[in-house]
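Me: I keep running into labels in structure write-ups and wondering what earns them. Could you take me through the ones for this model?

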Amino acid sequence: MTDQSTLANNHLEEPGIWVRVNRPLSDFKGRPALFLDRDGVINADTGYPDSPEKIIMIERVVPLIRHANRRGCAVIVVTNQSGVGRGFLSWETFEAITDHIDRRLADYAVRIDIVLACAYHRDGRPPFDIDDHPMRKPNPGMLLRGGALAGSDMTASTIVGDRPGDMIAGRRAGLKCGWFAGDDPAIAATADSTFPVRPLGSDNDDLLA
Ligand SMILES: [Mg+2]
């Protein structure tokens, strides 16, 4: 019998930061990384999904991940999970959802290499009630940590997200550019001269130069 609680706790770097490395990372050193937000990019943003049964996969993301896998680019998920901090789901449930997503992606023969999640939020329950934590997007902490784990070339890396905070985190982390899924009108305003932000479309060949 597997102890889910022990497994999930193995990935906690501190109460609100969960990090799982899925495979040896040495091959990714010096390569670009593909950073992915989770809800609204990999699975539909249904509002604090709290069981694997509530995960609706977004198939559009599969070719992006395949492209990164084939190019030897680390695929790094960076997800704010204030639902854990607010007490809507546990880290054990988060891990079960993460495993479910990995299995669904494996059905398409694509893979995620690193998952980072941050549960801190000003409205969280103690000990998660930290406002503006450096690991919570729009801060760049999760991206910097994931990029350091993989040895990624951040200046050649990209983030795909569906909220302005994803793009701001990418710019603050020194990434090359951001691509957005969904239709949030505020997201284009996050671009500046050093950080182009583009809609995710059919022309993704230059996603990872
Ligand atoms: Mg999202």
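Reply: Sure, here is how each label holds up against its definition. This is a predicted model, where local features need pLDDT of at least 70, side-chain atom pairs count only at pLDDT 80 or more, and totals for chains, interfaces and linings use all residues. Residues are numbered from 1 along each chain as its sequence is written, and side-chain values use heavy atoms, with hydrogens and water left out.

Me: What makes Asp37, Asp39 and Asp162 donors of the magnesium ion?

Reply: Donors are N, O and S atoms within 2.8 Å of the metal (3.2 Å for Na, K and Ca). Asp37 (OD), Asp39 (O) and Asp162 (OD) sit at 2.1 to 2.2 Å, so they qualify. Water is not among the atoms, so the site may look incomplete. Along the chain the spacing reads D-x1-D-x122-D.

Me: Where do aspartate 37 and aspartate 162 lie in the chain?

Reply: Aspartate 37 is in the loop between strand S3 (33–36) and helix H2 (61–70), while aspartate 162 is in the loop between strand S6 (158–161) and helix H6 (164–172), 125 residues apart. Those helices (H or I, at least four residues) and strands (E, at least two) are DSSP runs, numbered from the N terminus. Aspartate 37 and aspartate 162 are buried, meaning under 20% relative accessible area with a 1.4 Å probe, protein chains only (exposed is over 50%, partly exposed in between).

Me: Why are strand S2 and strand S5 said to pair?

Reply: Two strands pair if DSSP finds at least two bridges between them. S2 and S5 (residues 114–118) have five, in the antiparallel sense, so the label fits. Isoleucine 114 in S5 is the bridge partner of valine 21.

Me: And how do you know that S1 and S2 pair?

Reply: S1 (residues 12–14) and S2 have two bridges, also antiparallel, so they meet the requirement of at least two. Leucine 12 stands opposite tryptophan 18 in S2, and two residues separate the strands of this hairpin.

Me: Why is the lining of the largest cavity described as having six nonpolar residues?

Reply: Ala, Val, Leu, Ile, Met, Phe, Trp, Tyr, Cys and Pro count as nonpolar, Asp, Glu, Lys and Arg as charged, and the others, Gly among them, as polar. The lining includes Ile42, Val77 and Phe94, so these fall in the nonpolar class. Two polar and two charged residues complete the class count. H4 (91–107) gives the largest share of the lining, four residues.

How values were computed
On a 1 Å grid over the protein atoms alone, a cavity is a set of points where a 1.4 Å probe fits but cannot get out, and a pocket is an open set with protein on both sides within 12 Å along at least five of seven lines; lining residues have an atom within 4 Å of a point.
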